Amino acid sequence: MLQVSYIRDNREQVLDRLAVKNFKQPELVDEIIALDDKRRSTQTSMDNVSAEANAAAKQIGELMRAGKKAEAEEIKAKTGAWKEDIKKFGDLLAATEEELYQKIVLLPNLPHSSVPKGLTPEENEVVLENGAKPELPANALPHWELAAKYNLIDFELGVKITGAGFPVYKNKGAKLQRALINYFIDEAEKAGYSEVSVPLMVNKDSGFGTGQLPDKEGQMYFVTEDELYLIPTAEVPVTNIYRDVILKADELPVKNCGHTPCFRREAGSYGAHVRGLNRLHQFDKVEIVQVVHPDKSYETLEQMSAHVQGLLKNLGLPYRVLRLCGGDMGFASALTYDMETWSAAQQRWLEVSSVSNFETFQSNRLKLRFRNSEGKTQLAHTLNGSALALPRIVATLLENNQTEKGIKIPEVLVPYTKFEWID
RNA sequence: GGUGAGGUGCCUGAGAGGCCGAAAGGAUCAGUUUGCUAAACUGACGUACGGGAAACUGUACCGAGGGUUCGAAUCCCUCCCUCACCGCCA
């Protein structure tokens, strides 16, 4: 959620930036400014009447104590009108605030100046590519066939137990998952992140705090009986640790990492591109989250990007980094890098990580602040990134590392898997 | 699920219609003193919104929402949550 005061003071810039995100309703900006004017004048009116009424109430108390009952009654007679006014202004204020809120939550975050204009994923900017794409033999298999061949993942069994998109990992497939999770967590801790293990269901306030609500309501599984959402990413519970928190300046940066399953309804996604591990309703992910001083957030974003790239390099996966264009970015993000690995058997790039700076968009909703050098509270910046999401990493590893002998496990993972080959 | 007790500031905890944005202690910060550390003393110390260049100032907030009253942390109603015990149970 953007800050009204910022919109008010930077109208032109807000409109320019929203245009980069292809925002369709620029007139909302002026409506918001007008509502804010109304809100402020209403509050001033109400405050003035309240001040009068408060003063009168105090006076009545003093007169009563002094035994001047008649005078007290005289003032009492006037309070009726004030009460009506306070009620009237109060209702108007509440209605105006509500209307303002309903509009302001429709505004996406403003993109950073480096974000390219564009509508579709094709217009994302390729920042860099790293690693050679492997040449596979002609009889190379896509990961879903490898998974069957080596008895690693049973998609059909998942359908029986739950439904499509809920695979069952078996044998070395299950162990590979666990190895990757542990490896990612260990690397994050080496980079200074402290591990948290968080709830997999969150309440509405948390969903709003990180911006999944109201924007992506339909993408989350909802437990109606208890009004809880299954998390679509660890970002939600981990970032919400800091909801309604005022941090001391020296507590920044906050660095947390955590592994969770993630649940996504992915309503409307079908077809060849979602085969196998390409798109699931439940998958595992290690997430890194930071809360930082606003001056440091872009520097931090680069560090987080470098961390993710380090993992990919260590795993020996060819990857590229994209700077998402305005049209492809998330609602809450100011700048997002996507990391994609090259899936050699499918001959396509697969997104395995997304690293974003939300600036104050989340912290404004979360009321996540820190005390700055002047002793004032100020909104912190939040960032997060996948480091990494498992299924597509598994897919790429299986495909790219297939040989006649079997599938070679990357060296860094062997201490975790305790085996070198899937054969 | 049943029964009981509670929700007050960073924490503990008083306050039971006006003198309360809220005692006291602790924590924290600044200063004084002490050779250092510790201690002692002095002072500061909630958040949000509005007005103001600022100093400052108005309003709201004692779990949430309503109500009674000239006036509510305090009384009434509804809801939420926490804790304890019992039941059930990984």
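Analyst: Helices (runs of H or I, at least four residues) and strands (runs of E, at least two) are DSSP runs numbered from the N terminus; chain A has 14 helices and 18 strands. The model is predicted, so local features need pLDDT of at least 70 and side-chain atom pairs pLDDT 80 or more, while totals for chains, interfaces and linings use all residues. Residues are numbered from 1 along each chain as written, chains are lettered from A and ligands numbered from 1 in the order written, and side-chain values use heavy atoms, without hydrogens and water.

User: What makes a residue near RNA strand B, and which come nearest?

Analyst: A residue is near if one of its heavy atoms lies within 4 Å of the strand. There are 20 residues around RNA strand B, and R39, Q43, A57, R371 and T377 come nearest. Of the strand's atoms within 4 Å of the protein, 75% belong to sugar and phosphate.

User: Why does the pair of Q43 and RNA strand B count as a polar contact?

Analyst: The cut-off is a pair of N or O atoms within 3.5 Å. An N or O atom in the Q43 side chain is 2.2 Å from a sugar or linking oxygen of RNA strand B, so the pair qualifies. T44 has a polar side-chain atom 2.7 Å from a sugar or linking oxygen of the strand, and N54 has one 3.3 Å from a phosphate oxygen.

User: Which elements each supply at least two residues of this surface?

Analyst: These are α3 (27–65), α5 (79–104) and β14 (369–371). The largest share, 12 residues, comes from α3.

User: What does buried mean, and what share of chain A counts as such?

Analyst: Buried means under 20% relative accessible area with a 1.4 Å probe, counting protein chains only. Of the 423 residues of chain A, 49% count as buried.

Note on methods. A polar contact is a pair of N or O atoms within 3.5 Å; within protein, one must be able to donate a hydrogen and the other to accept it, and residues adjacent in sequence count only if both atoms are side-chain atoms. Buried means under 20% relative accessible area, exposed over 50%, partly exposed in between (1.4 Å probe, protein chains only).
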